[in-house]
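Trainee: Please take one part of this protein and go through it closely with me, explaining each term as you reach it.

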Amino acid sequence: MAVILDGKMLAKRLEEETLQRVQKLKEKNITPGLAFILVGEDPASVVYVRSKNKACERCGIRNVTVHLPETITQEELENELGKLARDPEIHGMLLQLPIPKHLDEAAAIACIPPEKDVDGFHQMNAGTLVNGTPGLRACTPLGIMDLVKLSGVETRGRHAVVIGRSAIVGKPAALLLLEADCTVTICHSKTVDLKSYTRQADILVSAVGKAGLITGDMVKPGAVVIDAGIARVDGKVVGDVDRESVESVAGYLSPVPGGCGPMTIAELMVNTVDIAEGRYRG
Ligand code: NAD
C-alpha cells in the first residue's frame, strides 16, 4: 500500500516555521503584508481568498483584501493594482483568478511588480524559472516539489511525467522537476496513449482536473504519485487519481483533499515572508 503524503501535516509544519520567521521580522519592525485582489463574486474565488486570509492570520501576516465589483474597467483595475504596487507595507500581491471575461488577465498581472508577485505568474518570474535564475515560483508547483521531497525519493536521474501543460501548474512543475535533475516528460490533452508514458514514471504528477483519469494500471509499481487535480463528484472534492486502484500500486500518493491544496496555501505564506525578508527562493 502506498505511503500517503500528508500535505495537511506538511503545510501545518511550513506555516509554523513561517510564523516563527514572521515573529523575527516583527522584532525588526517589519510586518509582512499580503494583498488579495478579488474581482466579482465567483463563489469558488471568494472561498479561496477566505482560506488564504485565514492562513495569513495563522502566520501573523497582515492581509488586505481589495474586493472590486464585477463591472470594473481594465483601467480602474490597473489603478487599484498600481496603488498596492506602490504601497511599501504590501510585500506580496495576489490577483485571484479567474477575473471576469471583459478584463485582460495578462495585462493585469503585468501591473504586479515581479518582486511582489507571490503567485509567480508574472512573465519575469516565469522567465527566471526557464533561465534557472532566482525568482518567485508558483505556489502549487512549489507544493508539489515539497510533497515529492517528503517522500524521501531521490529525484536525480528519475523519470518524472507531468500531465497538464498550463502556465500555472503543469509547465512550472515540469521545470522545477527538471531543475531537480529529473528527466521530464510533459503530457497533455493531445497526448496519444497517455498510459504508455505514465507507466514509465518514477514520479507522476497529474494536474488536469478530471476525476478518475489515473488508474492503477497506468502507474509504475512503487512510483511517487502527486495528484494536483481538483474535480467535484457528487458534491465531493476529488483529484485526478482513482485512489482505490492506485493506492495498491504506487509507493507514495498525495491525497485529495489534503495534499496539494493545503500545500499551495502554505507556499503562498512562505513566498510572502521570503519577499518581506528581502530574498527570493530560486
Ligand atoms: P488547465 O485547465 O489550465 O490545464 C489542464 C491541463 O490538463 C491542460 O494542459 C490539458 O492539456 C490537460 N488535459 C486535459 N485533459 C487531459 C487528458 N484527458 N489527458 C491528459 N491531459 C489532459 O488547469 P490548471 O489551472 O493547470 O489546473 C489543473 C488542475 O489543478 C485543475 O484541476 C485545478 O483545479 C487544479 N489546481 C489545483 C490547485 C491546488 O491548490 N491544489 C491549484 C491550481 C490548480
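Mentor: Two directions count as roughly parallel when the angle between them is under 35 degrees, as roughly antiparallel when it is over 145, as roughly perpendicular from 65 to 115, and as oblique for the rest. The model is a predicted one, in which local features need pLDDT of at least 70 and side-chain atom pairs count only at pLDDT 80 or more, while totals for chains, interfaces and linings use all residues. Residues are numbered from 1 along each chain as its sequence is written, and side-chain values use heavy atoms, with hydrogens and water left out.

The part I have chosen is helix H10, which covers residues 260–276, and it helps to place it in the whole first. The protein has ten helices and eleven strands, where helices are DSSP runs of H or I with at least four residues, strands are runs of E with at least two, and both are numbered from the N terminus. Taken along the principal axes, the C-alpha atoms of the protein fill a box of roughly 50 × 45 × 40 Å. Of the 282 residues, 51% count as buried, that is, under 20% relative accessible area, with exposed meaning over 50% and partly exposed in between (1.4 Å probe, protein chains only). Among contacts (heavy atoms within 4.5 Å) between residues at least 6 apart in sequence, 71% join residues at least 24 apart.

Now look at H10 beside helix H6, residues 139–151: the two pack at an angle of about 110°, with their axes 8 Å apart. Axes here are lines fitted to C-alpha atoms, for helices over the stretch in contact, and angles run from 0 to 180 degrees between N-to-C directions. H6 and H10 are therefore roughly perpendicular to each other. On the H10 side, Cys-260, Met-263, Thr-264, Glu-267, Leu-268 and Asn-271 make this contact, and they meet Cys-139, Thr-140, Leu-142, Gly-143, Ile-144, Asp-146 and Leu-147 of H6.

H10 also packs with helix H1, residues 7–27, at an angle of about 20° and with the axes 9 Å apart, so H1 and H10 are roughly parallel to each other. From H10, the residues that make this contact include Pro-262, Met-263, Ile-265, Ala-266 and Glu-267, and among those from H1 are Leu-10, Leu-14, Thr-18, Arg-21 and Leu-25. Met-263 and Glu-267 therefore take part in the contact with H6 as well as in the one with H1.

Arg-21 lets us follow one residue of H1 in more detail. Leaving aside its neighbours within four places in sequence, Arg-21 is in contact with Val-270, Val-273, Asp-274, Glu-277 and Arg-279. Its C-alpha atom, by contrast, is separated by 28 Å from that of Gln-123, which is 102 residues apart from it along the chain.

On the H6 side, you can continue to helix H7, residues 170–179, whose buried residues are Gly-170, Pro-172, Ala-173, Ala-174, Leu-176 and Leu-177. These buried residues of H7 pack against H6, and also against helix H5 (123–131) and strands S5 (159–163), S6 (183–187) and S7 (203–206). After H7 comes Asp-181, which has a positive phi, near 70°.
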